[in-house]
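Let's take a friendly walk through a protein model together. Have the structure open beside you as you read, and turn it around whenever a new part comes up.

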Amino acid sequence: MEIDCALAVGVATPEHVALAEELGFTRAWCHEAPASYGDSGMALAVAAGRTIRIRIGLAVGGHWRRSATDAESLADLAARARGRAELVVGSPGGTGRDPAAHAAEVRTELARRHGLTGLPTWLAQPGASAYVPQPLGAPAPRGTALRTVVEVAPGADLERLVRRLRPAGLLLRPRTADVGVELAEFAETVRRMASIAA
């Protein structure tokens, strides 16, 4: 099972992404919300230079910007992350503009302006705490739910959640100032749970 994290942007974000890679996380996503956070694109670009394996996602949601602006940020990240960049659209349980429509617009801009196609894209599911991959240019195939990444709250009963939902991955959004400790504890809990199930 994959473990992923969604990080708030700050000066320490590149170090948190590097730590997540060290701990075995598959993905690190940062939300682009200029009114709330610093420059996600810049933080992720620095993180891309400090890592080699972890997938790095620019998450846009809730407060939509123009698709061209998101495409610019993603094109820069894609160049720096060397095949590890991802687009994440929407916030789990969020409302507002259709995430699939915005993702399609961003992909169109990426192709038209930058010649970039095939960027992996994840969509938040309205009313749920899950992200599902969006196939490139096609409706979601049957079985997409098997690749769902479920966002978990700190202290959640992970064993029960995994038995019930059988997700492909679990996503942690650290809630305290000690992000490194939360990442390490989450990784250890998921590893321990996986070894018991095996």
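## A walk from strand to helix

Start with strand S8 (residues 169-172), where both faces are covered: Gly 169 and Leu 171 are buried on one side, and Leu 170 and Leu 172 are buried on the other. Keep in mind that you are looking at a predicted model.

Strand S8 has partners. Strand S1 (residues 2-7) runs parallel to S8, and four bridges join the two. Strand S7 (residues 149-152) also runs parallel to S8, again with four bridges. Leu 170 is a good place to pause. In S8, Leu 170 is the bridge partner of Ile 3, and Leu 170 is also the bridge partner of Val 150.

Now move to strand S2 (residues 27-31). How many of its five residues are buried? The answer is five of five, so to speak a strand that is mostly covered. On one side of S2 you find the buried residues Arg 27, Trp 29 and His 31, and on the other side the buried residues Ala 28 and Cys 30. S1 and S2 run parallel and are joined by four bridges. Within this pairing, Ala 6 stands opposite Trp 29 in S2. To get from S1 to S2, the chain passes through H1, and this β-α-β crossover is right-handed. S2 is joined to strand S3 (residues 55-60) as well, in parallel and by five bridges. There, His 31 stands opposite Ala 59 in S3.

Here are these pairings side by side.

| Strands | Bridges | Direction |
|---|---|---|
| S1 and S8 | four bridges | parallel |
| S7 and S8 | four bridges | parallel |
| S1 and S2 | four bridges | parallel |
| S2 and S3 | five bridges | parallel |

### Two helices with a buried side

Next, look at the helix that the crossover passes through. Helix H1 covers residues 13-22, and its buried residues are Thr 13, Pro 14, His 16, Val 17, Ala 20 and Glu 21. Why do they lie on the same side of H1? Around the axis they cover an arc of only 160°, which puts them on that same side. After H1 comes Gly 24, which has a positive phi, near 95°.

Helix H5 (residues 158-165) can be read in a similar way. Leu 158, Leu 161 and Val 162 are buried in H5. Seen down the axis, these buried residues fall within an arc of 95°, so they line one face of the helix. The other side of H5 carries the exposed residues Arg 160, Arg 163 and Arg 164. H5 is followed by Arg 166, and the phi of Arg 166 is positive, near 50°.

### Two residues to find

Is Leu 158 buried or exposed? With a relative accessible area of 9%, Leu 158 is buried, because the cut-off for buried is under 20%. Leaving aside neighbours within four places in sequence, Leu 158 is in contact with Val 152, Leu 170, Phe 186, Thr 189, Val 190 and Met 193. Leu 170, which you met in S8, is twelve residues from Leu 158 along the chain, and their C-alpha atoms are separated by 8.8 Å.

Asp 98 sits in the loop between strand S4 (85-89) and helix H4 (99-114). At 44% relative accessibility, Asp 98 counts as partly exposed. Asp 98 and Ala 124 are 26 residues apart in sequence, and 9.8 Å apart in space, C-alpha to C-alpha.

### The whole protein

Now zoom out. The protein has six helices and eight strands. From the N terminus on, they run β-α-β-α-β-α-β-α-β-β-β-α-β-α. The protein has 198 residues, of which 49% count as buried. Among contacts between residues at least 6 apart in sequence, 62% join residues at least 24 apart. About 9700 Å² is exposed, with carbon and sulfur atoms supplying 55% of it.

### How confident is the prediction?

The average pLDDT of the protein is 81, and 78% of the residues score at least 70. Among the elements, H1 has the highest mean pLDDT (96), while strand S6 (residues 130-134) has the lowest (69). Over residues 136-146 the pLDDT stays under 50, and the model has twelve contacts beyond four places in sequence for that stretch.

Note on methods:
Residues numbered from 1 in each chain as written. Predicted model: local features only at pLDDT ≥ 70, side-chain atom pairs only at ≥ 80, totals over all residues. Heavy atoms only, no water. Buried < 20%, exposed > 50% of the residue type's maximum accessible area, 1.4 Å probe, protein only. Arc of directions from axis to C-beta. Contact = heavy atoms within 4.5 Å. Areas by Shrake-Rupley, 256 points an atom, 1.4 Å probe, with all protein chains shown as cover. Pairing = 2+ DSSP bridges. Right-handed = clockwise from strand over helix to strand, strands pointing away. pLDDT = per-residue confidence, 0-100.
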